[in-house]
Amino acid sequence: MIIVCWRWVAPGDDARWGGVSSADSSALELALRLRESQPHHEPVHVITLGPPGAEQALRTALAAGADAATRIDAPVALQSSVTAAAIAGAIADLGDGLIDGSAGPTRLNWVICGDYSEDRGSGSTPAFIAADLDIAQALGLVAVDIGSVDGSDASTAAMTLFATRRLDGGRRERLEISAPAVISIEGSLMRLRRSSPMAELAAQQTTIAVIAGPNGPVDTPQELRAYRPRPRVLAAPAGDTTLDRVRSITGADQQNHHASETVELEPAAAAARVLEALRERGYLD
Amino acid sequence: MTPSMLAVIPVRDGLVPAGGDETIAECGGRAILIGSQTAAAEVCTGIVEVHLVEAGSFEPGRWARGLLEVLGREIADTTVLVVPGSPDGRDLGPRLAACLDRPLLAGAISITAERVVVVRAGGAEVHTHLVHEPVVATLQPGVRGLEQHLEPTIAAERATGSHRLDAGDAGEARDRVRRDARVLEVLEPDLATIDLSEAPRIIGGGAGLDGPERFETLVEISEHLGAALGATRVITDRGWIDHAKQIGTTGVTVDPDLYISFGVSGAVQHTAGLGSPDYIISVNTDPHCPMMQLSDLAIVSDANAVVDHLHRLLNLGEHDG
Amino acid sequence: MADTTTGTTPLSATVATASAATFDVIVVGAGPAGSCAATVLARAGHRVALLERGAFPGAKNMYGGVIYPRILDRLHPQWWEQVPIQRWITRRSTMVMTETRALTIDFRSEAWGEPPYNGATAYRPDFDHWLADQAVAAGAHLLNATTAVGLLRDADQRIVGVRTDRPDGDLWASTVIACDGVNSFIAKEAGLHEELDPANYTLGVKETLALPRSVIEERFGVRDRHGVDIEILGGTSGVNGGGFLYTNLDTLAVGAVLKLPALAAQQTRPEEIIGRLKAHPAIAPLVEGGEIVEYSAHVIPEAGRSMMPTLTTDRLLVTGDAAAMCLAAGIWLEGVNFAMASGMAAGETVAEALASGDTSARGLGGYERRLRDSFVLADHDKLRRAPGLVLSDRVQHQYPEMITGVVERMFRVDNPEPKPGLRRILREERRAAGVRIRDLARDAWIGFRSFG
Ligand SMILES: Cc1cc2nc3c(=O)[nH]c(=O)nc-3n(C[C@H](O)[C@H](O)[C@H](O)COP(=O)(O)OP(=O)(O)OC[C@H]3O[C@@H](n4cnc5c(N)ncnc54)[C@H](O)[C@@H]3O)c2cc1C
Ligand SMILES: Cc1cc2nc3c(=O)[nH]c(=O)nc-3n(C[C@H](O)[C@H](O)[C@H](O)COP(=O)(O)OP(=O)(O)OC[C@H]3O[C@@H](n4cnc5c(N)ncnc54)[C@H](O)[C@@H]3O)c2cc1C
Ligand SMILES: Nc1ncnc2c1ncn2[C@@H]1O[C@H](COP(=O)(O)O)[C@@H](O)[C@H]1O
């Protein structure tokens, strides 16, 4: 079985988010492709923790090819550890022996998440799910080799995935991931397919399992304000190599003092102003 | 328990990750270094107390469990455990929180033993959490800076203690449930990104730009200006340009002299990976967004139209936009 | 296996055999026309697919802002308790203006502020969404984000369904109703529209201005959920057309409907025309301080009856704007009511035809009969020549000069000169505006026939 976790955010005044993130849609597409790469039909089950409004999103998932969907009825603003515990519980409840593999062919292979949600963006829920299920995690994947899934004989062979994960400084690592595992992938990985109209209509009739979830604790701050960059502590000058190193790690730099200027311009004038500034500072002849 | 802080730094082959030194500094010089070749790790900030835990290759589940075994005491006595928000740190933080049954405050921009300030909503909001119970937090790399540039110290020279974790026991490996993924190899930066990370001039595009065609136009403009083109995660997620071109803490960290941004809001994950350009020009409709505040020249205008005009002013082909 | 889009498919597909129809009827477009047609058919127990290319019904639809929903009485009794409106129109003004003068006829009725009401301002995303929800509640199958890209035909060239842009996107039905709005692609595919003449279209442009609710109520002299509808003749910078200003709860809609050829000839940008309208001394105090939150533009079929396509063919009907059933010439802006009424008529006709098993053009003949018996074609027939009149140069430019000139002289006190007689004022102002008696008489006659 493959579980896909979708976080649905009610569309609000801020048009930048609402619905399901590209990372989460990408997670479902990966699940469907993994399923299609195997000779047998591995069920794909989508889970969301959130309000009733999230069910429309689950129907999109069903229309695109998911086999089943569950909604855990709880506020979406729960702490990620609490969200994850509820999701892990719901997964465990899907069947005895699902996770340790004793259930045979229908055992759990992958839990696929987005690598960060749009509204909260902690990226931590998948790690908590892995911890709660006590299985492996591989987070922030930028590539997954679908062809290399070794699962021709589902009942005996361990399923293995090969994937690439981002590290810092532009480096990446190649991972071998054995099922069962939680993986989270970036939105750039793939795009969710469009469903056929008839599949969509069928999905509208499908029942979505709803289970009760926790009410708290909610991830509420004591204080909320708009983001402003934190003033960086500035370092005293030091030897070349250290400076370079510190700079590359922290980006702190003592030389960065310019009078800054804010101007409101019509586009044509703005473009001219950009070029003028580049010329003034010698970036352009 | 008096409020206290302790940094937990995942180390690979002796390398401290992005934000590692800042995390140690934020914790007043108290740290645990866990990973491979910890004895060779260099730290560029003051060290007060450092524990080394040699743990083999990166396996966050095993590391978290092992840490409790060897340093359970120190950890239990600490109110705020801080992990750098580097890729390994973001993986380790929640596993540690789960083992300790503590809440996690992820993506903080400022941490003390009493309060943790995190960014949310794609970088638009700042939430302050008062610490009432022990927590684990991850610190966004690049937002803090360091007060002192110290010559790198070999952490082992100051070590308060050193420990060793087994690289996973045989019994576990036989289980179907292998609790961590296996690292096969580490790939050096993509050739596609190297030009970005070393480019002295960079143009960055963000969600203020309205379509993939704008990036085609920007490619021509950046070529003309001798600049490399990058983008925010919103854009790479949309697939408008390759994900290797994502600038920021989870993409490529860059350090150009000149940075020109179009329709970029300046979320912390983006700007923290931006290095310290000498000169920043930004075009954005919102004069108050962080990117505009960081800019030397902040132009309030429609970035899409400005891109088209720039293209025309530079005489770059026929473009009837 | 991956991103399965249909890619480049022929716009109109021919299929060898008619496969078993999945639906009885496919309604293309979930605007006011489509949702009403689908509601009627679903209630009659038929399997209806309602296709909408937007993310949800009304997502992209724009218009001026006043709806006359009385036609809904039959479909949704007590509709006023549910329909998401902004304000009930209790004041209607018609303004005739020149650059510096304005004459307003202002009518106010408190009765329009109570059930069954008359007109209301509403946001189309709200209204269209609600109307489509009623169709869904009745059992219609709504498919959002689904664009019809062609008609499916069998070997005998009979229409057997619609091709959409989605994977496996062919949908089968014995009847199709085109409710896809102005420039209907489906009607064209079916060969019902003749060559389009730009002279028959106007361009509707609109700005939405945000103002606090209390400011709007004070400036326009209304309270509760009452609102004002102002139609303007002559405020369009010399481009033939008409202006409008409507009150929503905490926004104003100000805009213009502009004759396309005139607009092209003048080379003025439509935003400038709205800008000048907003700066007119009679309008400026009303809109002052409003922050522009939206600008939109859309073409409108204006010529009314004279540009209507054939409405019925075998297995297909055309409704609403797709059939040019819109009155958008100068001082009226009505289309939603015509769309809803024609959608309902189409729905009833198809239900009848399905029951009798004949959805050929003959079987669908009841459609035009129903429209003729209702205001839809009655109004259009009566007002057949009105658009031409209202948009004529005389009505647009000379009469406003003349009328406001007359009124100005009537009310002006030229002491020590004695007041001139009305007859003299009329003669002088008519000459000053360059109006010939013969034209005046003819226009008056057309006007009398149209409106009388
Ligand atoms: C764990 C994690 C890691 C992340 N890592 C990265 C990373 O490495 N790199 C990264 O970039 N992001 C990263 N992000 C995402 C980051 O939080 C922001 O969401 C992202 O950087 C915002 O991108 P943006 O500025 O393009 O979009 P937005 O924040 O949506 O900003 C768009 C801007 O465009 C402006 N605008 C709108 N219209 C116009 C117009 N017509 N003309 C001009 N301006 C206009 C707006 O005013 C706004 O300022 C990460 C997030 C998480 C949770
Ligand atoms: C500026 C302006 C002001 C107006 N003011 C008023 C007013 O104040 N009062 C009034 O009553 N009327 C007004 N009108 C006219 C009114 O908007 C129209 O007459 C009315 O919307 C027609 O309804 P309809 O259902 O026929 O078409 P539409 O409302 O245009 O709906 C057509 C629907 O079909 C969908 N569609 C189109 N093609 C396809 C396809 N191929 N596949 C799937 N879906 C498709 C569209 O997305 C849309 O939802 C105004 C119009 C304009 C432009
Ligand atoms: N409420 C939720 N329901 C289901 N999945 C979730 C929920 N919250 C987070 N996730 C999953 O965890 C990923 C990371 O979310 P976050 O930790 O909030 O950044 C998301 O992309 C989802 O896949």
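Which side chain of chain A meets B:Arg65 in a salt bridge? In this predicted model, the partner of B:Arg65 is A:Asp134, and the nitrogen and oxygen of the bridge lie 3.8 Å apart.

## Where chain A meets chains B and C

The salt bridge between B:Arg65 and A:Asp134 belongs to a contact that takes 112 residues from chain B and 103 residues from chain A. The area buried between these two chains is about 9300 Å², and carbon and sulfur atoms give 54% of that area. Between chain B and chain A the count of salt bridges is seven.

Chain A also touches chain C, where 13 residues of chain A are in contact with 18 residues of chain C. Chain C and chain A bury about 1300 Å² between them, with 56% of this area on carbon and sulfur atoms. Two salt bridges are found across this interface, and a salt bridge joins the side chains of A:Arg194 and C:Asp165, with 3.2 Å from N to O.

## Domains within chains B and C

The domain assignment of chain B gives domain 1, covering residues 5–179, and domain 2, covering residues 196–313. The C-alpha centres of these two domains of chain B lie 32 Å apart, and nine residues of domain 1 are in contact with six residues of domain 2. About 550 Å² is buried between the two domains of chain B, and carbon and sulfur atoms give 63% of it, while the count of salt bridges between them is zero.

For chain C, the domain assignment gives domain 1 (11–85 + 123–195 + 305–382), domain 2 (198–301) and domain 3 (392–451). The contact between domain 1 of chain C and domain 2 of chain C takes 18 residues from domain 1 and 24 residues from domain 2, and the C-alpha centres of these two domains lie 29 Å apart. The area buried between domain 1 and domain 2 of chain C is about 1800 Å², of which carbon and sulfur atoms give 63%, and the count of salt bridges between them is zero.

## Aromatic rings and a charge over a ring

A search of the whole structure finds ten aromatic pairs over all chains. The rings of C:Trp79 and C:Trp80 have centres 5.2 Å apart and planes at 80°, and because planes over 60 degrees apart count as edge-to-face, this pair is edge-to-face. Both C:Trp79 and C:Trp80 are buried, and ring pairs link these two residues with C:Trp88 and C:Tyr117 into a cluster.

A ring can also lie beneath a charge, as in chain B, where the charged end of B:Arg238 sits over the ring of B:Trp240, at 4.9 Å from the ring centre.

## Buried parts of chain A

Helix H2 of chain A, residues 54–64, is mostly covered, since nine of its eleven residues are buried. Among the buried residues of this helix are A:Glu55 and A:Arg59, together with A:Leu58 and A:Leu62. The helix is followed by A:Gly65, which has a positive phi, near 135°.

A:Val9 belongs to strand E2 of chain A, residues 8–9. With a relative accessible area of 9%, A:Val9 is under the 20% cut-off and therefore counts as buried. A:Val9 and A:Ser117 are 108 residues apart in sequence, and their C-alpha atoms are 9.0 Å apart in space.

## Backbone details in the loops

Most residues other than glycine have a negative phi, and most peptide bonds are trans. In chain A, however, the peptide bond from A:Ala179 to A:Pro180 is cis, with omega near -5°, and A:Pro180 is placed in the loop between strand E9 (172–178) and strand E10 (181–185). The bond from C:Asn415 to C:Pro416 is also cis, with omega near 5°, and C:Pro416 is found in the loop between helix H12 (393–411) and helix H13 (422–432) of chain C.

Chain B offers examples of positive phi in residues other than glycine, including B:Asp13, with a phi of about 45°, and B:Gln37, with a phi near 50°. B:Asp13 lies in the loop between strand E1 (5–11) and helix H1 (20–26) of chain B, and at 54% relative accessibility it counts as exposed. B:Gln37 is found in the loop between strand E2 (30–35) and strand E3 (42–43) of chain B, and with a relative accessible area of 44% it is partly exposed.

Definitions and conventions. Residues numbered from 1 in each chain as written. Chains lettered and ligands numbered in written order. Predicted model: local features only at pLDDT ≥ 70, side-chain atom pairs only at ≥ 80, totals over all residues. Heavy atoms only, no water. Phe/Tyr/Trp six-rings, centres within 6.5 Å; stacked < 30°, edge-to-face > 60°. Buried < 20%, exposed > 50% of the residue type's maximum accessible area, 1.4 Å probe, protein only. Lys NZ or Arg CZ within 6 Å of the ring centre and 35° of its normal. Helix = DSSP H or I, 4+ residues; strand = E, 2+ residues; numbered from the N terminus. Domains from an automatic or database assignment. Contact = heavy atoms within 4.5 Å. Buried area = accessible area lost by both parts, 1.4 Å probe. Salt bridge = Lys/Arg side-chain N within 4 Å of Asp/Glu carboxyl O.
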